[in-house]
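Below are some notes on side-chain contacts, covering aromatic pairs and salt bridges. Please read them alongside the coordinates.

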Amino acid sequence: SLHAGCMYENQDCEYISITFDPKLIFGYENSIFYLKYVSPIIRNFSLSAIYFNLSEGWHKEVTDILQDIIRTGQQQYKSYEIDIIIKLEQFWKLLFLNFQSAPSITPYDKRNYDRIRSILSYIEENYSSKLTLEDIAEHIHLCKGECCRLFKQYMKIPLFEFIIEFRIEKSLNYLANSNFSISDIAVNVGFNDSNYYSKTFCKIKGCSILNTKKSFLVRMIYFNNLK
């Protein structure tokens with residue numbers, strides 16, 4: 001899955017991604033739990049995301065459970081894994097009970113969703129190399145123009161603008177490592193020119209790459225001293 005964050009009101013922020021295998025909920029394929037409670041949600045291609053913005057009463061219950069999961073994972077006491085699974089079950093119960101079925105998806109839409117997923121997987125696997133429109137279009141068996149149109153229609157962003165932002169996100173992992181220079185990082189995430197990488201980073205993230213790298217290193221020193 002792909003995750004990204006951006007500054008809120010020009011302030012630095014942090015976010016925690018809670019990622020889990022749905023098998024923790026349903027056990028095994030075609031179980032009653034899978035067919036009744038999980039499949040209707042994860043196989044709904046038109047349900048790309050749910051925004052828990054507290055506009056509905058059950059959102060507060062969900063966010064409380066997610067915060068409990070984070071705290072439990074940080075504490076790591078003897079039975080913390082069991083408690084996390086219990087909380088994930090509670091989370092999924094709320095999701096299921098408040099899930100509103102979206103309009104049924106057509107075979108045409110499903111084919112396009114599959115193509116978008118294929119493009120995203122291709123970018124994930126090849127972002128550090130040279131990516132061409134011809135290669136991506138060939139990967140999903142479409143012409144170049146239709147490939148660009150399809151991606152923008154479903155992702156709401158031009159294909160190569162997405163690739164650039166994706167590379168910038170991937171570079172954050174390297175910035176937290178003092179062993180990599182700016183030039184090294186640029187090459188590792190698919191930028192041939194370190195100056196272009198630095199300018200693009202500043203444009204997208206709203207801060208200089210050097211300050212970001214310095215901030216990461218200061219945080220690492222701080223947390224290491226706490227251990």
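1. This is a predicted model. On the aromatic side, F52 counts as partly exposed because its relative accessibility is 21%, against a cut-off for buried of under 20%. Its partner W58 is buried at 10%. The two rings meet edge-to-face, with centres 5.7 Å apart and 85° between the planes.

2. The count of aromatic pairs comes to 16. Another of them is F20 with W92, also edge-to-face, at 6.4 Å centre to centre and 85° between the planes. F20 sits in the segment before α1 (23-26) and W92 in helix α4 (residues 80-97), so this contact ties together parts 72 residues apart in sequence. F20 is partly exposed at 24% relative accessibility, whereas W92 is buried at 8%.

3. These two pairs belong to one aromatic cluster, made up of F20, F52, W58, F91 and W92.

4. There are five salt bridges. One of them joins E124 and K170, with the closest N and O atoms 3.2 Å apart. E124 belongs to helix α5 (residues 107-126) and K170 to helix α8 (residues 159-175), so the bridge ties together parts 46 residues apart in sequence. E124 is partly exposed, at 33% relative accessibility.

5. K205 and E169 form a salt bridge at 2.4 Å, N to O. The pair links distant parts of the chain, with K205 in helix α10 (residues 194-205) and E169 in helix α8, 36 residues apart. Both residues, K205 and E169, are buried.

6. The bridge between R149 and E146 has its closest N and O atoms 2.5 Å apart. Both residues lie in helix α7 (residues 144-155), three residues apart, about one turn of the helix. R149 is partly exposed at 37%, as is E146 at 27%.

Definitions and conventions:
Residues are numbered from 1 along each chain as its sequence is written. This is a predicted model: local features need pLDDT of at least 70, side-chain atom pairs count only at pLDDT 80 or more; totals for chains, interfaces and linings use all residues. Side-chain values use heavy atoms; hydrogens and water are left out. Rings of Phe, Tyr and Trp (its six-membered ring) pair if their centres lie within 6.5 Å; planes under 30 degrees apart count as stacked, over 60 as edge-to-face and the rest as tilted. Helices (H or I, at least four residues) and strands (E, at least two) are DSSP runs, numbered from the N terminus. Buried means under 20% relative accessible area, exposed over 50%, partly exposed in between (1.4 Å probe, protein chains only). A salt bridge is a side-chain nitrogen of Lys or Arg within 4 Å of a carboxyl oxygen of Asp or Glu.
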